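Subject: Structure for you to look over

Hello,

Here is the structure I said I would pass on. Please open it before reading the notes below.

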Amino acid sequence: MSTAALLPTAADLEAALREALAPTALEVIDESGAHAGHAGANAEGRGTHFRVRIASPLFAGKPRVARHRLVYDALQVFIAQGLHAIAIEVL
């Protein structure tokens, strides 16, 4: 199996976030192509750098660090697949 086959997609991240956090708003953008030549980038230009814009009722009353931790926890499985960076915007 090639490395490219293991790379997560925006749809993979979106599914995991929907299951774990029941978001009321969610956008996942693969920004990997913009990071060519940077640490953690790969030759495929996908699957390594993502931006997540998310709102969830599970965030209510939690500080920003705790909200981000919930997102990271939901996506942890993808770190082993080559996910290098996640920019999180809590809505």
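What follows is a summary of the fold, then helix 2, the core, and a few individual residues.

Please keep in mind that this is a predicted model.

Overall fold

The protein chain contains three helices and three strands. In sequence order these run α-α-β-β-α-β. Of the 91 residues, 31% count as buried. Among contacts with a separation of 6 or more, 63% are between residues 24 or more positions apart. The accessible surface is about 5100 Å², and carbon and sulfur atoms account for 56% of that surface.

Helix 2

Helix 2 covers residues 10–21. Its twelve residues should span 16 Å at 1.5 Å a residue, and the C-alpha atoms at its ends are 16 Å apart, so the expected and modelled values agree.

The buried residues of this helix are Leu-13, Ala-16, Leu-17 and Leu-21. They lie on the same side of helix 2, because the arc they cover around the axis is only 100 degrees. Ala-11 and Glu-19 are exposed, and they sit on the face turned away from that buried side. The cover over the buried residues includes strand 1, strand 2 and helix 3 (64–79).

The core

The largest nonpolar core has 17 residues. The members that touch the most other members are Leu-13, Leu-17, Val-28, Val-52, Ile-54, Val-71 and Leu-75. At least two residues of this core come from each of helix 2, strand 1, strand 2, helix 3 and strand 3 (85–90). As background, nonpolar side chains tend to be buried together in soluble globular proteins.

Leu-17 is a useful residue to start from when you look at the core. It is in helix 2, and its relative accessible area is 0%, so Leu-17 counts as buried. Leaving out residues up to four places away in sequence, Leu-17 touches Ala-22, Pro-23, Leu-26, Val-28, Val-52, Ile-54, Val-71, Ala-74 and Leu-75. One of these partners, Val-28, is eleven residues from Leu-17 in sequence, with a C-alpha to C-alpha distance of 9.5 Å.

The loop after helix 2

Ala-22 and Pro-23 both deserve a look. Ala-22 is in the loop between helix 2 and strand 1, just after the helix ends. Its phi is positive, near 45 degrees, in a residue other than glycine. For context, most residues other than glycine have a negative phi. With a relative accessible area of 46%, Ala-22 is partly exposed.

Pro-23 is placed in the loop between helix 2 and strand 1. Its relative accessibility is 14%, and the cut-off for buried is under 20%, so Pro-23 counts as buried. Setting aside residues up to four places away in sequence, Pro-23 touches Leu-17, Arg-18, Ile-54, Ala-55 and Ser-56. Pro-23 and Ser-56 are 33 residues apart along the chain, yet their C-alpha atoms are separated by 4.2 Å.

Two polar residues

What does the side chain of Ser-32 reach at 2.9 Å? Ser-32 lies in the loop between strand 1 (25–30) and strand 2 (49–55), and its relative accessibility is 2%, so Ser-32 counts as buried. Its side chain reaches the backbone nitrogen of His-49 at 2.9 Å. A polar atom of the Ser-32 side chain also lies 2.9 Å from the backbone nitrogen of Thr-48.

His-68 is found in helix 3. Is His-68 buried or exposed? Its relative accessible area is 17%, and buried means under 20%, so His-68 counts as buried. Apart from neighbours within four places in sequence, the contacts of His-68 are with Ile-88 and Val-90.

If you want an order for viewing, I would begin with Leu-17 in helix 2, go on to Pro-23 in the loop between helix 2 and strand 1, and finish with Ser-32 in the loop between strand 1 and strand 2.

Regards

Methods:
Residues numbered from 1 in each chain as written. Predicted model: local features only at pLDDT ≥ 70, side-chain atom pairs only at ≥ 80, totals over all residues. Heavy atoms only, no water. Helix = DSSP H or I, 4+ residues; strand = E, 2+ residues; numbered from the N terminus. Buried < 20%, exposed > 50% of the residue type's maximum accessible area, 1.4 Å probe, protein only. Contact = heavy atoms within 4.5 Å. Areas by Shrake-Rupley, 256 points an atom, 1.4 Å probe, with all protein chains shown as cover. Polar contact = N/O pair within 3.5 Å; in protein donor to acceptor, adjacent residues only side chain to side chain. Expected span 1.5 Å × (residues − 1). Arc of directions from axis to C-beta. Core = buried A, V, L, I, M, F, W, Y, C linked by side-chain atoms within 4.5 Å.
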